[in-house]
Amino acid sequence: MTTADLLIIGAGSAGCVLAERLSRDPSRRVLVVEAGPTNDHLFIRMPAAVAKAIGSPRFNWQYQTAPLRHLGGRGLSTPRGRVLGGSSSINALVYIRGNAWDYDNWAALGCPGWDYESVLPYFRAVEANALGAGPYHGDAGPLTVSHPESESPAFEAFIAAGETLGHPRNPDFNGSAQAGFGPFQLNIRDGRRWSAADAFLLPAAQRPNLTLRTDARAIGLTASGSRITGAALAGRGGVEAVTAGDVVLAAGAIGSPHLMLLSGIGPGDHLRAYGIGIVADAPGVGAGLHDHLEVKVKHRMTRPWSMWSHARFPNWLWTGARYLATGQGAGRQQGLEAGAFLSLDPSAPAPDTQLHFINALSFDGGTAADRGHGYAIDVTHTRPESRGTLTLTSTDPGIPPRIDPNYLSEDTERRMMRDGLKLLRALCRQPALAKISGPELQPGPEVQTDDALDAYIRRTAESIYHPVGTARMGVDAAAVVDPATMAVKGVDNLYLADASVMPQLVSGNTHAASVMIGTKGADLIAAAIG
């Protein structure tokens, strides 16, 4: 039997920060367990290999949603990192915090202390931002935030097209204003992916009071009455019991609620249906699931400016070999270096739409239609109103839960996605993009009416991989986590700090917000446990 003062389950964007900050006290014995392997593989290190990293079952849980009612019964891929660094080791490396309004809204929804003014110091504290220190950024933290370095003129063509359409040029989406077209900042350091594991966990793992275990999956929490006493781990040597004074869940918006449900913390009727003894009747566990959905416009490109020159066979062999040998070349790029934030609803309190410009027809070029020079632009409604569920399908920890984000269940979202496609088409007609645009491949010139656009969305929309909200924090009775302490309500000695606690998606990618949750959450947990 292994013992620890503090057990942290999950080494993803939040878990790595929790481990670093909670192990600063040398008298506290901290054990961190991660179900996946280490993150030293080429597919993870090399930014251009992002499609290989996310496509690998070695590094990805490869979850799938249930058949989705409003997407024609399709099931969508829901990747989650299964590796040190979690999803920060397989994501597209884009660093976006979200809008200041998002965090003020969290506070208004019942999370005092999580307003923008309160969380901004945590964002600044962890950054080593290429923009330097200032009111919105830090330059002395461990998390590298760099500028893109591609020399392709396609990104500038996208930004210029946005300006022609009437939107401002924005050099810093994480600064004083989010709206506009501009470059994304990236978590790349000297041409290498810089995940949460690289920034926080691996340096802290040198401390004698921190033990890191990879390939060790938590399959259940153990309890004595309402007190959580540890967890059962499945690893190379079988199942092992770990006892801990306190347990912190950081397994992500899928893993954390799944583990709680398996352990008797969740909706009572649902647990009883599976014969699971109830430790805490918590209806909010697994409720409130929501995610960003995206749909694309794709064009052939009339100039050889896309990533295809480097991704095509046999050129990708040379790209990888050069990167391995020198760290230079196209392997340092990930093809997603510009985007935009804007409002389709003029009454929106903050930008409600995000665009990503992808300098390729797809990240993997896996189909014949996605080969050759081209570009794709996706559009996302940043604050979806639809809410879904995560529920058990079995008491076997090895069987994934049922994941139903209930995408597009609200009329507003369907209209926003349709209007977003119309915006993308208008953008592509602007001179800067039009001069490099060949035929429209998707939706295709035959797709013009609202009904046809709606059918295209149902047929092709995909998750942009930002699930949150499955164990939200708040002060109301249905909330799972106390926002002042990160304690799970209804039990003792169990804390939770990851994307599952978000009461509402942030307006943008979720890695930066998850790092902030881990950073602030660590301070709150440290104060609670003493």
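Trainee: Where does Lys298 sit in this predicted model?
Mentor: In this predicted model, Lys298 has its place in strand E19, which covers residues 293–301.

Trainee: Is Lys298 buried or exposed?
Mentor: Lys298 is buried, because its relative accessible area is 7%, and buried here means under 20%.

Trainee: What does the side chain of Lys298 pair with?
Mentor: The side chains of Lys298 and Asp370 are joined by a polar contact of 2.9 Å. Asp370 is also among the residues that Lys298 touches once those up to four places away in sequence are left out, and that list further includes Leu361, Ser362, Tyr375, Ala376 and the run Pro439, Glu440, Leu441 and Gln442.

Trainee: Gln442 turns up there, so what about the peptide bond from Gln442 to Pro443?
Mentor: That bond, from Gln442 to Pro443, is cis, with omega near 0°. For background, most peptide bonds are trans. Pro443 itself lies in the loop that runs between strand E25 (437–442) and helix H14 (450–460).

Trainee: Switching to backbone angles, which phi does Leu408 have?
Mentor: Leu408 has a positive phi of about 60°, although it is not a glycine. In general, most residues other than glycine have a negative phi. Leu408 is found in the loop between strand E24 (402–404) and H12, and it counts as buried because its relative accessible area is 4%.

Trainee: And Asn493, what is its phi, and where is it found?
Mentor: Asn493 is not a glycine either, and its phi is positive, at about 70°. The residue is found in the loop between strand E26 (462–463) and strand E27 (494–496). Asn493 is partly exposed, with a relative accessible area of 22%, whereas Leu408 is buried.

Trainee: How many cavities of 30 Å³ or more does a search of the whole structure find?
Mentor: The search finds 1 cavity of that size or more, and about 90 Å³ of space lies in the largest cavity. Leu408 is part of the lining, together with His290, Asp291, Leu293, His381, Pro384, Ser386, Pro405, Tyr407, Glu413 and Met417.

Trainee: How does that lining break down by class?
Mentor: The lining of the largest cavity has 6 nonpolar, 3 polar and 2 charged residues.

Trainee: What about the open spaces, say the second largest pocket, how much space lies in it?
Mentor: About 680 Å³ of space lies in the second largest pocket. It is lined by 35 residues, of which Ala48, Lys52, Ala311, Trp316 and Phe363 are the closest to its centre. By class, the residues of that lining divide into 19 nonpolar, 11 polar and 5 charged.

Trainee: Which helices supply at least two residues of the lining of the second largest pocket?
Mentor: Helix H2 (42–45), helix H3 (50–55), helix H10 (308–311) and helix H11 (315–326) each do so, and H11 gives the most to this lining, with 6 residues.

Trainee: New topic, which residues have the most contacts inside the largest nonpolar core?
Mentor: Those are Ile9, Trp106, Trp114 and Ile265, in a core that has 91 residues. The helix that gives the most to this core is H15 (residues 511–529), with 8 residues. Apart from it lies another core, of 39 residues, among them Leu68, Leu71, Leu342 and Leu424.

Trainee: What does Ile265 touch?
Mentor: Leaving out residues up to four places away in sequence, Ile265 touches a set that includes Leu221, Ile228, Met260, Leu271, Val279, Val285, Val488, Val491 and Leu494. Met260 in that set is one of the buried residues of H8.

Trainee: Why is H8 called largely enclosed by the rest of the structure?
Mentor: Helix H8 spans residues 252–262, and 11 of its 11 residues are buried, so it is largely enclosed by the rest of the structure. Just after H8, Gly264 takes a positive phi of about 90°.

Trainee: Last one, where does Gln430 lie, and what is it in contact with?
Mentor: Gln430 lies in the loop between helix H12 (411–428) and helix H13 (431–434), and it is buried, with a relative accessible area of 14%. Leaving aside neighbours within four places in sequence, Gln430 is in contact with Ala161, Thr164 and Leu165. A polar atom of the Gln430 side chain also lies 2.9 Å from the backbone oxygen of Ala426.

Methods. Residues are numbered from 1 along each chain as its sequence is written. This is a predicted model: local features need pLDDT of at least 70, side-chain atom pairs count only at pLDDT 80 or more; totals for chains, interfaces and linings use all residues. Side-chain values use heavy atoms; hydrogens and water are left out. On a 1 Å grid over the protein atoms alone, a cavity is a set of points where a 1.4 Å probe fits but cannot get out, and a pocket is an open set with protein on both sides within 12 Å along at least five of seven lines; lining residues have an atom within 4 Å of a point. Grid points are joined across faces, edges and corners, and a volume is the space filled by probe spheres set on the points. Ala, Val, Leu, Ile, Met, Phe, Trp, Tyr, Cys and Pro count as nonpolar, Asp, Glu, Lys and Arg as charged, and the others, Gly among them, as polar. A nonpolar core is a set of buried Ala, Val, Leu, Ile, Met, Phe, Trp, Tyr and Cys residues joined through side-chain atoms within 4.5 Å. Buried means under 20% relative accessible area, exposed over 50%, partly exposed in between (1.4 Å probe, protein chains only). Helices (H or I, at least four residues) and strands (E, at least two) are DSSP runs, numbered from the N terminus. Contact means heavy atoms within 4.5 Å. A polar contact is a pair of N or O atoms within 3.5 Å; within protein, one must be able to donate a hydrogen and the other to accept it, and residues adjacent in sequence count only if both atoms are side-chain atoms.
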